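Visitor: I would like a close look at a single part of this protein, with its surroundings described in some detail. Please take one helix as the starting point and work outwards from there.

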Amino acid sequence: MDDVLNFVNYLEYIEIDIGDDDNYIPRRYLRNIDDPFELYSDDQFFKRYRFPKRIVLEHLLKLVNINYRNKRGLPIPTVLQLLTTLRFYATSNFQAVCGDLRGIHQSTVSRIIKRISHQIATKARNYVKFPQTENEWDVVKQEFYDIAGMPGVGACIDCTHIKIQNPGGPNGEVFRNRKGWFSLNVQVVCGPQMEIYDVVARWPGSYHDSFIFNASRACTFFSRNNNNLLLLGDNGYACKPYLFTPLLNPITNSEKNYNKAQIKTRNIIERVFGVWKRKFPCLKRGLANSTLTSVSIILACAVLYNISLKLRLLNIEDNDNEEVDEVDDHFRDNNLNREIIGAASRRGYIIRHFS
């Protein structure tokens, strides 16, 4: 709070005239300018920074910790660095940030975003995580069952492409996705209340969803789980005993009922993408930062999304979902036996619960 009180509007340079000395070179003096906490109303502040004033001061400020050894260079207060980063998340535009927060050069804004995003991203394990107890999983399975009558479901999974600038270099083209633009293919696992359980943001856009899953912590978690939890995905994934996908050609009523329930339940991950990108438009408009900074921004936005969900700051009733990425074709597992086992597990599940 002292940091906020001391900050009372940030730097603006003015010149003063003292005498008629033609050789006098005006010195730079500092003058306070408008404090965003005072300048904007609650609604204006929320629209610009995506969080209420109280939440910024009481919750988000605790996520960052910047200690200066001295005051050389007139260091920018931590709270203003946080607001600068939040404003960027809401615009993905350096010029808009510089225009709102006067006296900060664009290069400084870039360094601030890199620093604050990295600090928030390092807190991901505390805010983006799977339920920890068996009782919590029981609640999750019941909430998923209430959606469309699918028992045993623990989470839904899908990938979304976040646009980035061309990284350049010998491996730049690896980031070009099948639609022809550069991206990071970001895997998200979510729960029934639209909470993000897991996020993987390190793979280039040309990598397939199923490849990303097989190399992820989520794959290890669900393949070894002791609670018989099911993961629901689209046909971009191979069907496994713990990952169920829709049937390509349902024939019987039980198969059609399964497909309807699977698609209706899995729709929650598409809603997560839509709400996440509306909350932080930088994810939808694209990132012009370095690749490593872009990864930090994506993880930081996942942390802030879960905080927003917990504090009821998300408009999850809006049905303006993100467009669903088209799946080129059904993914086939190179291991035929593994694919047969997955299909057999799904078939037994359909017989038990949808016949």
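**Helix α5 and its surroundings**

Guide: In this predicted model, Phe45, Arg48 and Tyr49 of helix α3 meet Leu83, Leu86, Arg87 and Ala90 of helix α5, and this contact is a convenient place to begin. Helix α3 covers residues 42–49, and its axis lies 7 Å from that of α5, at a packing angle of about 70 degrees. An angle from 65 to 115 degrees counts as roughly perpendicular, and α3 and α5 are therefore roughly perpendicular to each other.

Helix α5 itself runs over residues 78–91, which makes 14 residues, and spans 20 Å from its first C-alpha to its last, close to the 20 Å expected at 1.5 Å a residue. Of its 14 residues, 14 are buried, so α5 is largely enclosed by the rest of the structure. For comparison with the protein as a whole, 50% of the 355 residues count as buried.

A further contact of α5 is with helix α7, residues 106–121, where the two axes come within 9 Å and cross at roughly 95 degrees. That angle makes α5 roughly perpendicular to α7. On the α5 side the residues involved are Gln81, Leu82, Thr84, Thr85, Phe88 and Tyr89, and they meet Val109, Ile112, Ile113, Arg115, Ile116, Ser117 and Ile120 of α7. When these residues are read beside those that meet α3, a general point is useful: an α-helix has 3.6 residues a turn, so residues three or four places apart point the same way. Leu83, Leu86, Arg87 and Ala90 are the α5 residues in the contact with α3, whereas Tyr89 is among those in the contact with α7.

Tyr89 deserves separate attention. Leaving aside residues up to four places away in sequence, Tyr89 touches Ser117, Phe280, Pro281, Cys282, Ile297, Ala300, Cys301 and Leu304. Tyr89 is also one of the residues with the most contacts inside the largest nonpolar core, together with Leu60, Trp276 and Phe280, and that core has 99 residues. Helix α14, residues 291–310, gives the most to this core, with 11 residues.

Just after α5 the chain reaches Ser92, where phi takes a positive value of about 60 degrees, in a residue other than glycine. Ser92 belongs to the loop between α5 and α6, the latter covering residues 94–100.

From here the view can be widened to the sheet. Five strands form an open sheet with mixed pairing, in the order β5-β4-β3-β6-β7. The edges are β5 (196–204) and β7 (243–244), each of which has a single partner strand, so one side of each is left without a neighbour in the sheet. Strand β3, residues 153–163, pairs with strand β4, residues 183–190, in the antiparallel sense over eight bridges. Helix α14, already met in the core, packs on this sheet and touches β3, β4 and β5, and its direction makes about 170 degrees with that of β5. Within the pairing of β3 and β4, Lys163 stands opposite Ser183, and Cys156 has Cys190 as its bridge partner. Strand β3 also pairs with strand β6, residues 230–232, here in the parallel sense over three bridges, with Ala155 opposite Leu231. Strand β3 is mostly covered, 10 of its 11 residues being buried.

The loop between β4 and β5 holds Met194, whose phi is near 70 degrees, again a positive value in a residue other than glycine. Met194 has a relative accessibility of 2% and so counts as buried. Asp146, by contrast, lies in helix α9 and counts as exposed because its relative accessibility is 55%. Asp146 and Pro192 are separated by 46 residues in sequence, yet their C-alpha atoms are 9.5 Å apart in space.

As a frame for these details, the secondary structure of the protein comes to 15 helices and seven strands. Among contacts with a separation of 6 or more, 65% join residues 24 or more positions apart, and the contacts of Tyr89 with residues such as Phe280, Ile297 and Leu304 can be read against that figure.

Methods
Residues are numbered from 1 along each chain as its sequence is written. This is a predicted model: local features need pLDDT of at least 70, side-chain atom pairs count only at pLDDT 80 or more; totals for chains, interfaces and linings use all residues. Side-chain values use heavy atoms; hydrogens and water are left out. A nonpolar core is a set of buried Ala, Val, Leu, Ile, Met, Phe, Trp, Tyr and Cys residues joined through side-chain atoms within 4.5 Å. Buried means under 20% relative accessible area, exposed over 50%, partly exposed in between (1.4 Å probe, protein chains only). Helices (H or I, at least four residues) and strands (E, at least two) are DSSP runs, numbered from the N terminus. Contact means heavy atoms within 4.5 Å. The expected span of a helix is 1.5 Å times one less than its number of residues. Two strands pair if DSSP finds at least two bridges between them. Axes are lines fitted to C-alpha atoms, for helices over the stretch in contact, and angles run from 0 to 180 degrees between N-to-C directions. Angles under 35 degrees count as roughly parallel, over 145 as roughly antiparallel, 65 to 115 as roughly perpendicular and the rest as oblique.
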